[in-house]
Amino acid sequence: MNTRLTAIVEREGDGYVALCPEIDVASQGRTVAEARDNLAEALALFFEAAPAEEIHRQLRGEVYVTQIAGTSLGRLGL
């Protein structure tokens, strides 16, 4: 499989959580790099173990990651 997947990494407590929104698989680590590497391993295991039907059921199409800033958030007090 030569597909590019997204990794969204955010701080949670003393570590980081990494999420792949296309498959809805997550992992964690002490650093951003460790969380990303653990997510890559979790995805590899998922693709190795899951039946093709499950992969196709969970695999979402395109995912866009962008930032929101400006007056829209100001109205929310952020």
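**Exercise 1. Determine how many residues lie between β2 and β3 in their hairpin, and which turn residue has a positive phi.**

Solution. The hairpin of β2 and β3 has 4 residues between the strands, and D24 in the turn takes a positive phi of about 65 degrees. The model is predicted: local features need pLDDT of at least 70, side-chain atom pairs count only at pLDDT 80 or more, and totals for chains, interfaces and linings use all residues. Residues are numbered from 1 along each chain as its sequence is written, and side-chain values use heavy atoms, with hydrogens and water left out. Strands (E, at least two residues) and helices (H or I, at least four) are DSSP runs numbered from the N terminus.

**Exercise 2. Establish the strand order of the sheet and the pairing of its strands.**

Solution. Begin with the rule for pairing: two strands pair if DSSP finds at least two bridges between them.
- Step 1. β1 and β2 run antiparallel and are joined by 5 bridges. Within this pair, E10 stands opposite V17, and G15 is the bridge partner of E12.
- Step 2. β2 and β3 are also antiparallel, with 5 bridges; here A18 stands opposite S27.
- Step 3. The result is an open sheet of 3 strands in the order β1-β2-β3, with antiparallel pairing. β1 and β3 are the edge strands, since each pairs on one side only.

In the hairpin of β1 and β2, 2 residues separate the strands, and G13 has a positive phi near 65 degrees.

**Exercise 3. State how many residues of β1 and of β2 are buried.**

Solution. Buried means under 20% relative accessible area, exposed means over 50%, and partly exposed lies in between (1.4 Å probe, protein chains only).
- Step 1. Of the 5 residues of β1, the count of buried ones is 0; this strand is hardly covered.
- Step 2. In β2, 5 of the 6 residues are buried, so β2 is largely enclosed by the rest of the structure.

**Exercise 4. Check the span of helix α1 and find where its buried residues lie.**

Solution.
- Step 1. The expected span is 1.5 Å times one less than the number of residues. For the 18 residues of α1 (residues 32–49) this gives 26 Å, and the end C-alpha atoms are 26 Å apart, which agrees.
- Step 2. A35, L39, L43 and F46 are the buried residues of α1. They cover an arc of only 75 degrees around the axis (taken from the directions from the helix axis to the C-beta atoms), which puts them on the same side of α1.
- Step 3. On the other side of α1, E48 and A49 are exposed.
- Step 4. The buried residues of α1 pack against β1 (8–12), β2 (15–20), β3 (25–29) and α2 (52–58), where contact means heavy atoms within 4.5 Å.

**Exercise 5. Identify which element gives the most to the largest nonpolar core.**

Solution. A nonpolar core is a set of buried Ala, Val, Leu, Ile, Met, Phe, Trp, Tyr and Cys residues joined through side-chain atoms within 4.5 Å.
- Step 1. The largest such core has 11 residues, among them Y16, C20, I23, V25, A50 and I55.
- Step 2. β2 and α1 are the elements that give two or more residues to this core.
- Step 3. α1 gives the most, with 4 residues.
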